[in-house]
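Colleague: I'm new to this one. Could you walk me through how to read a few features?

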Amino acid sequence: MTATPTSGFSAFALEPFPELQMGDDLAATITDVLTRTDTALQDGDIVVIASKAVSIAEKRYIDLGTVTPGPEAQELAGKTGKPAPLVQLILDSASDYFLATDKGPIIARHRLGYQLTSAGIDRAGTEGAWLLPVDPDASARALRDALITHTGADVAVVIADSDGRADRRGATVISIGAAGIAPLRITEHGGKRQEETFTDLIAAAAGIILGQRGRGAPVAVLRGIAYTASDEGVAAALHHRP
């Protein structure tokens, strides 16, 4: 089925957003911000949430002092300048990897099937790191269901992660989990059929306003985008599924 076209949309961040603590109820926190800012979700809204916020809520923290790096991690640390325990976490999370340049970054295929810089692992200061959610699509479904319960609005959820590209400097934003929205959009024109990684387009659009270094805005809302409802998740679009 050809996707319904979108001619325009709006986007806004939910802010000010409180600093999350491990184990916080993320859906309840989002609902509280909506209430405090007098903001109402609407049917069809897409709520885009930074993966680190989900990892914090799901207690995916690792103390680097508890990680013992092996010889491969130590060698990679010497090439890339990353701490050896962090490199070991990357190796433990990856099924394979390569270096984008002689000095990195490390581009890894996560065991969940995503190809990500550093296997999607985020530094947590100098002593820790955040791993990806165990099952990002399941996390998205749980958040979507909770937000519908809290707000009464029929929304979709996309979990977004900042990620580098092997062929260029800088980072973009991609989707690693989704609920209520199909991960692929099919368009047809002039006899040509094309699949677009639709939830990646959503994540990238939200990434323009999501909080980057030092700005605490981990949640954005996109409104007015036509999409197909689906719970198949981002995993359905992967070439290499776990």
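Modeller: Sure, we'll take aromatic pairs, then salt bridges.
This is a predicted model, where local features need pLDDT of at least 70 and side-chain atom pairs count only at pLDDT 80 or more, while totals for chains, interfaces and linings use all residues. Residues are numbered from 1 along each chain as its sequence is written, and side-chain values use heavy atoms, leaving out hydrogens and water.

Colleague: How many aromatic pairs are there?

Modeller: A pair of aromatic rings is described by the distance of the centres and the angle of the planes. Rings of Phe, Tyr and Trp (its six-membered ring) pair if their centres lie within 6.5 Å; planes under 30 degrees apart count as stacked, over 60 as edge-to-face and the rest as tilted. The count here is one aromatic pair. The ring centres of Tyr 61 and Trp 130 are 5.3 Å apart with planes at 65°, so this pair is edge-to-face.

Colleague: Is Trp 130 buried or exposed?

Modeller: Buried means under 20% relative accessible area, exposed over 50%, and partly exposed in between (1.4 Å probe, protein chains only). Trp 130 is buried at 11%, whereas Tyr 61 is partly exposed at 32%.

Colleague: And how many salt bridges?

Modeller: A salt bridge is a side-chain nitrogen of Lys or Arg within 4 Å of a carboxyl oxygen of Asp or Glu. That rule gives nine salt bridges. In one of them, Arg 144 pairs with Asp 231, their closest N and O atoms 2.8 Å apart. Arg 144 is buried, at 10% relative accessibility, while Asp 231 is partly exposed at 36%. Salt bridges also link Arg 144, Asp 145 and Asp 231 in a network.
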